[in-house]
Amino acid sequence: MLKAPLLCWEKKMKTAVLVVSFGTMQEAAWDKTIGLMEEEIRQEWQGRCDVFTAYTSRRVVEYWRAQERSLLDEEEAFVLLRNLGYEAVVALPTHLAAGQEFTKLKQKAEQYEACFKRLILGVPILEKAVYRERLAKALKDEIIVREQEALVLMAHGVRKGDQQVYHQLQRVLNADGKERVIVVAMENKELEPMEGVTVHNLVLAPLLLTAGKHVTQDMCGAGTGSWQGFLESKGYAVRTVKKGLAEYPKVREVYKQQLRELCTSI
């Protein structure tokens, strides 16, 4: 495990780590993904700096507040850290791509940057080549694909920039020349991404941090409205893996490694 050689606490700067996620309203999915990663980060940084959490989905925050569970959105978290007197903040986003949710976080970080001596914001793991390569390696290690199978990863979103980062991840995953990994967007059911795939046995897995309703309905739901039903209607045999990315220890390690590296710049 990498140990940062020169970190903020050595300079006696009161420092906070802020882990920022979209969130989920599925408690079981939360416990196996976001909650588990947050707890691992707390344990790793215990005694060196304080770890806080925030969530960019207003629906998620409001839902859990109604369940008497206190969650902060990204602005409330920055206000809290300012009021508690933290001098340095390292914010780790768990968002995959730089879409609307990450944009909200970035805007708030810029708004509150002057409140701290240092405020460092990481980037989504699909937006930087080194993170994409680490994620690709983790996925290939964690998701078992048999010899006569191809892997289909169902991603979220059809934002213009999303397609580019998905294609970049797909290229990294297929760097061995076997061309057996396809990344598809959840909302766009089409066979175009399957062109050139000669096998008819597919492993369908989510390219999503948590395995909530998007997995049970959009990926594996009944009928051709789901990706599983759509692919099966086109003659493919589909084996599903219903695990969110953060359920995989090696994927969680990609995030934790990014956090260690961000802290070296304090």
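In this predicted model, a good place to start is an aromatic cluster made up of Trp 30, Tyr 55, Tyr 63 and Trp 64. A search of the whole structure finds six aromatic pairs. One of them joins Tyr 63 and Trp 64: their ring centres are 5.0 Å apart and their planes meet at 85 degrees, so the pair is edge-to-face. The two partners differ in their surroundings. Tyr 63 is partly exposed, with a relative accessible area of 31%, whereas Trp 64 has a relative accessibility of 4% and counts as buried. Because buried means under 20% relative accessible area, the 4% of Trp 64 places this residue in the buried class.

A further aromatic pair brings together Phe 78 and Tyr 112, and here the rings are stacked, with 6.1 Å from centre to centre and 20 degrees between the planes. This pair links distant parts of the chain: Phe 78 belongs to helix H4 (residues 74-83) and Tyr 112 to helix H5 (residues 100-112), with their positions 34 residues apart in the sequence. Phe 78 is buried, at 0% relative accessibility, and Tyr 112 is also buried, at 9%.

Aromatic rings in this model also meet charged side chains. The charged end of Arg 69 sits over the ring of Trp 64, at 4.6 Å from the ring centre. Likewise, Lys 14 lies over the face of Tyr 86, 4.7 Å from the centre of that ring.

Attention now turns to the nonpolar interior. In soluble globular proteins, nonpolar side chains tend to be buried together. The largest nonpolar core in this model contains 53 residues, and those with the most contacts inside it are Ile 41, Leu 139, Leu 153 and Leu 207. Helix H10 (residues 249-263) gives the most to this core, contributing six residues. Leu 139 shows how distant parts of the sequence come together: leaving aside residues up to four places away in sequence, Leu 139 touches Leu 153, Leu 173, Leu 207, Leu 245 and Val 251. A second core, separate from the largest one, has 21 residues, including Val 184, Val 197, Val 199 and Leu 208.

Finally, a loop residue can be placed. Lys 128 is found in the loop between strand S4 (118-121) and helix H6 (129-142). With a relative accessibility of 41%, Lys 128 counts as partly exposed. The C-alpha atom of Lys 128 is separated by 9.1 Å from that of Val 165, although the two residues are 37 residues apart along the chain.

Note on methods
Residues numbered from 1 in each chain as written. Predicted model: local features only at pLDDT ≥ 70, side-chain atom pairs only at ≥ 80, totals over all residues. Heavy atoms only, no water. Core = buried A, V, L, I, M, F, W, Y, C linked by side-chain atoms within 4.5 Å. Buried < 20%, exposed > 50% of the residue type's maximum accessible area, 1.4 Å probe, protein only. Helix = DSSP H or I, 4+ residues; strand = E, 2+ residues; numbered from the N terminus. Contact = heavy atoms within 4.5 Å. Phe/Tyr/Trp six-rings, centres within 6.5 Å; stacked < 30°, edge-to-face > 60°. Lys NZ or Arg CZ within 6 Å of the ring centre and 35° of its normal.
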